[in-house]
Amino acid sequence: MLTSPTADQLLVWYDHSRRLLPWRAPPGQLADPYRVWLSEVMLQQTTVAAVQPYFRAFLARWPKVEDLAAAPVEEVMQAWAGLGYYARARNLHLCAKTVAEWRHGRFPDDETALRQLPGIGEYTAAAIAAIAFGRPAVVMDGNVERVMARLHAVTEPLPKAKPRLKALAAALTPSERPGDYAQAVMDLGATICTPKSPACGICPWTGGCAARAQGIEASLPAKLEKPERPTRRGIAFWTTAKDGSVLLRRRPPKGLLGGMMEIPSTDWRPEAWTLSDARAEAPITAEWRLLPGVVRHSFTHFHLELQVAAAKTGSGTAARGVWCPLDSLDGQALPTLMRKVVRHALAKAYERGTL
DNA sequence: AAGTCGTGGGA
DNA sequence: TTCCCAAGACT
């Protein structure tokens, strides 16, 4: 016998199983909009575990939105390094400046106005409106999509099913405690109604779950299959000067790893490179030696295999890029891929005694 | 309106 | 090893 799920059932569960997270307010209170916004942007396509240390670091360094707005964008990019999706960092800073300059540091309290700010899309606008301002906004993220698809046994694949799922979510969203409800559904999806092997035995909505009744919960939500990821290849140029500095370069502001620093490299293409092919793309003329091994890294839509060519040059040699002392690499806005290249180069070059 | 955009952890 | 995917936004 299938019962009808209610928001109250979920809120009762949330009140005693609620996770303590640094951006959450005590029960019954509204959270600080700045913290909600900062956490929600960081949480876009990113796990709670990965976000926590970054959230704490940002909040300690920039306690208010005006502080973040006053920071140089380069410092924000550096602080974001490692978290991924770097357009978020640039938009975060832009949004902070907008709110500080045009709104006296106050975030808008409705979805429509929030949606106008850079880096705030449909989901984030609803989340801030509900969690920070107590508005009954319909919050639709991957968790809610999954929970609704199962609760109502929606077998139509995503993303086509999204409008239906949103209508179903809207019908359940309460006018009381909408912020707690939004976080409750997401917590349910993150801890019980998980993508694989959901824990239906302890789910507050198990009695009203149509997919559970049919035994198809694990197969929902259906998704269109993704194209396989191709592999691209390149050669990175590890250039050290006699004074112990390394040649870096800033990537273009848009696109992959936009605005971040990099070890200069060839184009990334499907075909393998030979060192003689690659020389024409080197940032400087030098005696390149190919280091053994390869750096592997996977992005959302392709795999990358980078070999590393190393060379030593005289200091002050003309080159495109910036020379960075080895001991200050940590302070650079180097994404994880480039830190892998650095680690590889240091290990291999040290083994060969060529550093 | 599909494609683009990172990373790390778990199965 | 390989794949999936996590509180999506932007173009």
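Chain A splits into domain 1 (7–219) and domain 2 (231–352), with bounds taken from an automatic or database domain assignment. Keep in mind that this is a predicted model: local features need pLDDT of at least 70, side-chain atom pairs count only at pLDDT 80 or more, and totals for chains, interfaces and linings use all residues. Residues are numbered from 1 along each chain as its sequence is written, while chains are lettered from A and ligands numbered from 1 in the order in which they are written.

Taken over C-alpha atoms, the centres of domain 1 and domain 2 sit 37 Å apart. The two still touch: eight residues of domain 1 are in contact with ten residues of domain 2, where contact means C-beta atoms, placed from the backbone, within 7 Å. On the domain 1 side, helix 5 (73–80) and helix 6 (87–102) each chip in at least two residues. Helix 5 has the largest share there, with three residues. Helices (H or I, at least four residues) and strands (E, at least two) are DSSP runs, numbered from the N terminus.

Now for the DNA. A residue is near a strand of it if its C-beta atom, placed from the backbone, lies within 6 Å. Around DNA strand B there are 20 residues, and Gly 84, Tyr 86, Thr 300, Pro 335 and Thr 336 come nearest. Strand 5 (295–298) and helix 14 (336–352) are the elements giving two or more residues to that surface. DNA strand C has 27 residues around it, with Leu 43, Gly 121, Thr 124, Asp 141 and Pro 195 coming nearest. Helix 8 (122–133), helix 9 and helix 11 each supply at least two residues of the surface near DNA strand C, and helix 11 gives the largest share, four residues.

Here is how the residues divide by class. Ala, Val, Leu, Ile, Met, Phe, Trp, Tyr, Cys and Pro count as nonpolar, Asp, Glu, Lys and Arg as charged, and the others, Gly among them, as polar.

| Surface | Nonpolar | Polar | Charged |
|---|---|---|---|
| Near DNA strand B | nine residues | ten residues | one residue |
| Near DNA strand C | ten residues | twelve residues | five residues |
| Domain 1 side touching domain 2 | four residues | two residues | two residues |

Back to two of those helices: helix 9 (residues 142–151) and helix 11 (residues 178–191) pack at about 80°, axes 8 Å apart. Axes are lines fitted to C-alpha atoms, for helices over the stretch in contact, and angles run from 0 to 180 degrees between N-to-C directions. Helix 9 and helix 11 are therefore roughly perpendicular, the label for 65 to 115 degrees. Helix 9 makes the contact through Asn 143, Val 144, Arg 146 and Val 147, and helix 11 through Val 185, Met 186, Leu 188, Gly 189 and Ala 190.

How values were computed
Parallel < 35°, antiparallel > 145°, perpendicular 65-115°, else oblique.
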